[in-house]
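Here is my note on the model you sent round. It covers the chain contacts, one strand and one chain as a whole.

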Amino acid sequence: MSLKNALRAATALTVLTTSATFAETLTIATVNNGDMIRMQGLTDDFTAKTGHEVEWVTLEENVLRQRVTTDISTKGGAFDIMTIGMYETPIWGANGWLVPLDNLSEDYDVADILPAMAGGLSHDGTLYAAPFYGESSMIMYRTDLMEKAGLEMPDAPSWEFIRDAAAAMTDRENEINGICLRGKAGWGEGGALITAMSNSFGARWFDMDWNAQFDTEAWANTLNFYKGMMDASGPAGYATNGFNENLSLFQQGKCGMWIDATVAASFVTNPNDSTVADSVGFALAPDNGLGKRANWLWAWALAIPAGTQKQDAALQFIEWATSKDYIELVAAKEGWANVPPGARISLYENPNYQEVPFAQMTLDSILSADPNNSTVEPSPYVGVQFAAIPEFAGIATEVSQEFSAAYAGQQTVEEALEKAQALTNDAMEAAGYR
Amino acid sequence: MATQHSRSAARLMMAPAVVLLLGWMLVPLTMTLYFSFKRYLPLRGGDLGWVGFENYTRFVTSSAFWPSIQTTLLIVGGVLVITVVLGVLLAILLNQPMWGQGVVRILVIAPFFVMPTVSALVWKNMFMDPNYGLLAHLWKFFGAAPVEWLSQASLPSIILIVSWQWLPFATLILLTAIQSLDGEQLEAAEMDGAPAYKRFGYITLPHLGRAITVVILIQTIFLLSIFAEIFVTTGGAFGTKTLSYLIFQRVLESQNVGLGSAGGVYAIILANIVAIFLMRIVGKNLDA
Amino acid sequence: MARAVTPQRKAINTAAAWAVGLLIFFPILWTILTSFKTEATAIADPPVFLAFDWTLENYGVVMERSNYGRFLWNSIIIAGGSTLLGIIIAVPAAWSMAFVPSKRTKDILMWMLSTKMLPAVGVLYPIYLLFIKMGLLDTKFGLVIVLMLINLPIIVWMLYTYFKEIPGEILEAARMDGASLKEEVIHILTPMAVPGIASTILLNVILAWNEAFWTLNLTAAKAAPLTAFIASYSSPEGLFYAKLSAASTMAIAPILILGWFSQKQLVSGLTFGAVK
């Protein structure tokens with residue numbers, strides 16, 4: 001054994017023994033998305049560095065959300081770290097349920113977090129959750145089909161262009177649908193798309209007195225435009241399509257365009273999964289010339305419930321998982337296209353990452369979304385595709401169920417909007433807003 | 001024969017079960033009643049004081065309430081009819097002499113062992129998906145346009161999934177009952193020239209009366225609270241919201257525990273109405 | 001049956017029964033087959049039935065991602081434990097109902113069944129708070145108790161119906177011989193009731209194994225059974241039919257095998273007093 005190796009072994013040993021005295025087992029609740037599953041696979045690196053063990057509770061998104069909400073609101077303490085989104089963080093932070101992340105280490109470089117992300121994960125200027133990855137939404141389109149239709153995608157198209165392009169690209173014989181969009185019920189599924197889309201049509205969820213706005217012209221325009229376009233150029237059964245269904249359709253070459261989460265860009269350009277990997281282009285989400293685009297802003301972030309016994313170890317984990325080093329680690333193992341995107345400025349300054357085809361468009365999309373000013377007319381809420389109030393998830397799920405029923409042709413758009421208006425006002429009344 | 005001594009011993013032996021169940025019923029029931037008169041919003045700091053009957057009126061006046069009752073009854077009724085009818089036929093078939101009887105029986109009862117979540121996932125993705133589902137391929141094979149099962153035929157789809165899960169249970173109980181049928185009586189009837197449908201109507205079916213009652217009773221208890229099958233497939237959209245799903249939505253999605261608790265009280269009332277109704281119709285068969 | 005059946009009729013029976021049996025079993029078969037396909041083959045158009053390159057890759061991925069052994073162990077302990085505890089509590093109760101019946105026996109039975117009608121989600125918060133207070137959150141013990149309580153009415157009822165079939169004269173004869181209550185239960189009643197008890201155990205293990213509300217909501221990492229395992233595969237990013245199938249197969253295989261071996265017991269044992 002060389003001296004160098006012996007030294008290394010000795011340091012490793014001391015590191016091990018010193019940390020072993022404080023070694024904890026962290027229980028982490030997370031969502032079963034690809035980036036998180038990759039993180040689970042890399043946990044050994046964290047354990048080797050700190051000595052702490054990790055137990056994963058991986059759940060499907062909706063189940064996870066209910067599970068962690070029940071636990072945090074009852075102070076159950078079942079988890080040391082929870083994976084939550086931009087919707088939950090400000091609400092929980094305001095309730096004092098999360099440990100403020102205000103003493104992160106120097107190396108962590110908290111100033112490197114994209115301001116849009118840090119802003120959405122803070123309450124009153126205090127960061128409560130560290131972004132693991134962030135996303136906006138954008139257009140992913142088939143360059144070959146676009147060319148075949150004799151069209152050229154602008155960098156920032158309008159909804160009208162998208163509708164006409166979708167009609168031109170549609171080829172039912174060959175099972176090619178001009179456009180694939182989410183229609184599935186659920187506030188985080190079809191609800192997110194239609195809300196972001198409604199922003200660009202000048203609609204909003206609530207006026208400044210928290211009155212529901214579904215009786216407005218802007219909402220009727222949004223829904224009619226969506227349904228008209230999807231009936232003409234969308235896939236069969238779009239009323240039940242969510243992110244997964246559309247991803248798969250796009251990967252199988254059955255969509256001309258798809259407007260969805262920017263993280264999907266790495267899936268549709270991955271030749272292992274996608275049959276159209278080498279002919280995908282990107283553009284900003286469309287607008288209507290009203291000054292707002294139809295793109296959302298979201299982050300999956302790691303937070304520590306207040307009252308955990310293992311705060312220090314939990315903080316260490318968060319610093320590890322959302323660090324620059326972690327990004328390097330993933331890049332070394334899986335390539336730059338697969339690192340968790342959208343969280344750090346430095347990633348987009350990295351020349352290696354700039355070569356990734358969708359990097360710049362992802363950043364531009366993120367930068368063009370502003371949760372504090374998401375609607376054309378003023379609104380009392382924060383959030384682009386949601387309103388960061390506790391009642392929103394429940395209301396928006398029911399509203400999107402009414403919308404989905406309209407997409408499926410079981411009721412008219414007018415009926416859906418009427419019901420949405422009534423149930424939203426009712427729920428807001430129950431919550432004491434009106 | 002029962003002496004005073006054995007009576008008190010009997011009480012003593014029943015005590016643990018009765019006390020435990022009494023606790024299991026009373027503690028949650030009391031808490032549900034308590035919360036139902038409260039404004040209890042976990043995300044807004046929990047208990048925000050008494051509100052009288054506000055939650056009760058709000059729950060019934062919601063546009064989702066009556067449709068949810070209807071959906072509940074349709075699902076329970078639909079599944080009961082399908083499982084009982086097919087269960088009787090299947091039990092008669094499986095009771096016939098055949099080769100490989102044991103294996104066939106295993107095949108038939110297998111769905112009962114599958115977790116509701118798994119069966120919902122399998123049906124939703126691998127059978128009912130309009131693009132990749134096996135049923136879509138089958139429809140296309142015959143030149144028809146694939147059905148969008150979970151949006152266009154949402155309720156029948158859920159009834160189908162749940163029936164698939166519970167048919168084995170019905171078949172098992174009915175098969176056991178049919179095995180105890182007196183073969184000679186049937187033979188005698190056949191000798192007398194009674195046609196098959198008459199033998200079935202006058203001998204087999206009456207004999208199965210009690211078993212059918214049991215199937216209906218037990219299945220109703222479980223069917224009133226089905227959840228995973230709806231959560232996984234439609235998430236309550238397209239008119240598939242049952243009463244228990246509506247309560248789930250109020251408690252967990254809207255985080256309004258008070259409102260959900262009031263819904264829970266309504267669910268208990270509905271369950272009791274159904275139970276009384278059942279007892280009237282079929283209860284006479286069940287002289288426990 | 002006394003009468004001989006013609007081979008022709010037997011053949012028709014066999015064909016019909018097998019056709020129906022395979023139809024009912026098909027979704028499970030399809031899931032198992034899909035679990036051995038690659039993701040691309042799993043959504044191939046037209047679908048491939050048997051002629052594909054069988055692969056164990058999906059099982060490898062699932063094993064690597066999840067601690068299957070622990071989920072399985074937790075399921076076994078929770079389903080087995082709650083059933084055994086339920087039997088221990090239910091046997092005396094059912095015995096006294098069957099052999100020392102009173103006017104209220106039927107009412108008590110019905111009341112017990114009615115406790116199952118309280119919608120679980122309505123009491124999630126109360127029970128969750130109770131579990132925190134008692135330190136039962138994410139423990140197998142807590143789940144054993146809850147599932148035992150959920151299934152106790154069914155257990156009592158099933159046992160009651162079996163016990164009622166046992167002729168009272170035997171017990172009286174034993175009593176004449178001076179057998180005590182304890183001896184009566186252990187030496188006479190129990191052996192006669194073993195088939196019934198076995199069926200009860202089987203049915204309740206199945207019910208407890210498949211219970212997916214409390215097992216999911218009252219656990220985190222330590223006590224989570226297979227119902228939680230499947231929740232991590234239910235809708236990932238992308239359609240992973242093959243991996244979903246592999247995980248599904250792993251979740252249902254143990255109980256399916258148990259059912260396989262106990263088919264006879266289930267077919268003749270599930271009477272609920274329906275057979276006179």
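How many helices and how many strands are there in chain B?

1. Chain B, make-up. The count is 13 helices and 2 strands. Keep in mind that this is a predicted model.

2. Chain B, extent and burial. Taken along the principal axes, the C-alpha atoms of chain B fill a box of roughly 75 × 75 × 30 Å. The chain has 288 residues, and 53% of them count as buried. Contacts in chain B with a separation of 6 or more were also sorted by distance along the sequence: 70% of them come from residues 24 or more positions apart.

3. Chain B against chain C. Here 86 residues of chain B are in contact with 84 residues of chain C. On the chain B side, helix α1 (residues 4–36) gives the most, with 17 residues. By class, that side has 63 nonpolar residues, 18 polar ones and 5 charged ones.

4. Chain A against chain C. What does chain A bring to its contact with chain C? The answer is 22 residues, in contact with 21 residues of chain C. Four elements of chain A give two or more residues each to this side: α2 (34–41), β2 (53–59), α4 (61–73) and α11 (243–251). Of these, β2(A) gives the most, with 4 residues. The class split on the chain A side is 8 nonpolar, 11 polar and 3 charged.

5. A general remark on interfaces. The points above give residue counts. The size of an interface is often given as the accessible area lost when the parts come together. Please add that figure if you have it.

6. Strand β1 of chain A, cover. Is this strand mostly covered or mostly open? Strand β1 (residues 25–31) is mostly covered, with 6 of its 7 residues buried.

7. Strand β1 of chain A, partners. β1(A) pairs with β2(A) in the parallel sense, over 7 bridges. One bridge sets Thr25(A) against Glu53(A) in β2(A). β1(A) is also joined to strand β3 (residues 81–85) of chain A by 2 bridges, and these two strands run parallel. In β3(A), Met82(A) stands opposite Ala29(A).

8. Where the points meet. β2(A) appears twice in this note. It is a parallel partner of β1(A), and it gives 4 residues to the side of chain A that touches chain C. When viewing the model, start from β1(A), whose residues are mostly buried, and step across to β2(A) by way of Thr25(A) and its bridge partner Glu53(A).

Methods: Residues are numbered from 1 along each chain as its sequence is written. Chains are lettered from A and ligands numbered from 1 in the order in which they are written. This is a predicted model: local features need pLDDT of at least 70, side-chain atom pairs count only at pLDDT 80 or more; totals for chains, interfaces and linings use all residues. Two residues are in contact if their C-beta atoms, placed from the backbone, lie within 7 Å. Ala, Val, Leu, Ile, Met, Phe, Trp, Tyr, Cys and Pro count as nonpolar, Asp, Glu, Lys and Arg as charged, and the others, Gly among them, as polar. A residue is buried if 20 or more other C-beta atoms lie within 10 Å of its own, exposed if 12 or fewer, and partly exposed in between; C-beta atoms are placed from the backbone. Two strands pair if DSSP finds at least two bridges between them.
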